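Colleague: I should like to study the salt bridges of this protein closely. Please define your terms as you go, and then place what you describe in its wider setting.

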Amino acid sequence: MHRPIDEPRFGDEGTGGSAAVPPPYRPHPAPGDTPGPWTGVPAPPTGPWADGHGAPDPGRVDPRVLGALLARHGWRRRGGAAGRYSRWTPPGNGTGTSLLVPESRAFPDCEDLLGEALTALARSATPSAREVLTGLAVPSDEIRWWRDVPPGPAGTVPWTVQEQLRSAARQMLLAGALAVRGRAGYYGARHRRPAQASLETVVVGAAPGGRGLTAFLPVEPGRAVAVRLYHALHAAREATDYQRATGGMEAFDAAVGAGVSRELTEALVALVRGTEGARVALEWAPSAGAPEGCAPRPEPVEFSPGDLPALREASARYLTDEPSVPVRLTGAVVRMRRSGPRGEGTVRLRVLGGAEVPHVRVTLDEEAYRTAGHAHLVGLPIRVVGRLESRGGFRRLTDASGVVPVQVDETERDRLMKALQENLDFFEEACGPDEG
């Protein structure tokens, strides 16, 4: 069974947010379904890649890429005609339909053999067959997570343990997407919305038994996330070894430049906790090859329960050491509150520019609070200077000053005025009768 990774508010652990209750799992797409992003290993493709029968168009398939994907997913090469074609059998005991795959497109019957092989894959009950078709339809880098956990009834992993794996995988992918947008020891709410949006094209599939999970990151645009995770995971492994050997945390400070952050260390803690060990492996799309600066066939990165103290200490260190950020932001007032008709009050802004967060709260003195209220009543955002505090996940602006209304185009002003009319009662109560 497969589920979306980009659920609302996933990965908010440690940023002041509360964990949302996961939605029901979605069933595996049936042939002919139209899959959306993150719905699991997708149904056979449609469009120019497809032949109309649930398999990729053989005229667009490179037989060398097909062979590489079959080998990656456990299919075994059992000979064939040397220099012409090879025979592949399914993983495990090798029972089931075998495939004949030509060595290259120079083979006279190449397209016929590819068509038969792809149709057999589309009809195969072998779980890896759909993963091979996914890799052919959309060239993708693959990230695999595996946890060594005690088996449940019938050799399967309990449901709650499978959910722990999915949650850790979601956190790790988000950490990689955040690191693509800049290096920081702790991101909090910064960059979260574009990072989540960049993962919308990723699909996931669970391994039989529930101990493993695979994410397929399309080379465009997902390769940047895969490369960042490649460097960050190795840096986290080296920093953990250094801390365990010397007790020093200096290596974790340096690892921030490679993409290690509180978000990544928290994901690793979630992955390893409750197991006898866990590993993460990356494999590059055969059609695109290995990216520059990365090993062509990376070794899995492994973590054990003995690494948890170092990872937790690093996570706490990143949280406390990340400095506040000076900003000059523009935002629309969406909430106002103060204890009486006079004095300072708290304003919530929807950020329009100047900071990489969706909303901030800011405490304003009486005059600035009145300015913010008047700006909202006439449909204008405000500009304010202050420091974005790391405490609370970069959701609060302190030392606020220079509050002034900002002129916007008519379309944006009309939208802000509509929001005011929908919440007029609230703002009349919040502003007080003498501040209209």
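Modeller: A salt bridge is counted where a side-chain nitrogen of Lys or Arg lies within 4 Å of a carboxyl oxygen of Asp or Glu; by this rule, the protein has 17 salt bridges. The model is predicted, so to be used here local features need pLDDT of at least 70 and side-chain atom pairs pLDDT 80 or more, while totals for chains, interfaces and linings use all residues. Residues are numbered from 1 along each chain as its sequence is written, and side-chain values use heavy atoms, with hydrogens and water left out.

Let us begin with Glu-142, whose side chain meets that of Arg-72 in a salt bridge at 3.3 Å, N to O. Glu-142 belongs to strand β4 (residues 140-147) and Arg-72 to helix α1 (residues 63-72), so this pair ties together parts that are 70 residues apart in sequence. Helices and strands are here DSSP runs numbered from the N terminus: helices are H or I with at least four residues, and strands are E with at least two. A residue is called buried under 20% relative accessible area, exposed over 50%, and partly exposed in between, using a 1.4 Å probe and protein chains only. Glu-142 has 1% relative accessibility and therefore counts as buried.

Strand β4 also holds Arg-144, which forms a salt bridge with Glu-283 in strand β7 (residues 278-283). The closest N and O atoms of Arg-144 and Glu-283 are 3.0 Å apart. This pair links distant parts of the chain, 139 residues apart. Both partners count as partly exposed: Arg-144 has 21% relative accessibility, and Glu-283 has 25%. Arg-72, Glu-142, Arg-144 and Glu-283 are linked in a network of salt bridges.

Another salt bridge joins Arg-190 to Glu-322, with 3.4 Å between the closest N and O atoms. Arg-190 is in the loop between α4 (159-180) and α5 (192-197), and Glu-322 is in the loop between α9 (308-321) and β9, so the pair ties together parts that are 132 residues apart in sequence. Arg-190 is buried, with a relative accessible area of 9%, and Glu-322 counts as buried at 15%.

The strand that holds Glu-142 and Arg-144 leads on to the nonpolar interior. A nonpolar core is a set of buried Ala, Val, Leu, Ile, Met, Phe, Trp, Tyr and Cys residues joined through side-chain atoms within 4.5 Å. In soluble globular proteins, nonpolar side chains tend to be buried together. The largest core has 55 residues, of which Trp-145, Met-172, Leu-173 and Leu-264 touch the most other members. Leaving aside residues up to four places away in sequence, Met-172 touches Trp-145, Leu-229, Leu-233, Leu-264, Ala-267, Leu-268, Leu-271 and Val-280. Apart from this core lies another, of 25 residues, including Ala-189, Val-327, Leu-329 and Val-351.

Strand β9, which bounds the loop of Glu-322, takes part in a barrel. This closed barrel has five strands in the order β9-β10-β11-β13-β12, with mixed pairing. Its neighbouring strands are turned by 50 degrees against each other on average, direction ignored. Axes are lines fitted to C-alpha atoms, for helices over the stretch in contact, and angles run from 0 to 180 degrees between N-to-C directions. Two strands pair if DSSP finds at least two bridges between them; β9 (residues 325-337) and β10 (residues 345-353) pair in the antiparallel sense over seven bridges. Helix α10 (residues 366-377) packs on the sheet, touching β9, β10, β11 (359-364), β12 (382-389) and β13 (396-405), and its direction makes about 65 degrees with that of β9. Contact means heavy atoms within 4.5 Å.

Some backbone details in this part also deserve a look. Phe-394, in the loop between β12 and β13, has phi near 60 degrees, a positive value in a residue other than glycine. Phe-394 is buried, with a relative accessible area of 0%. Asp-399, in strand β13, has phi near 55 degrees, again positive in a residue other than glycine. Asp-399 is exposed, with a relative accessible area of 60%.

For the wider setting, the protein has twelve helices and 13 strands, and 49% of its 436 residues count as buried.
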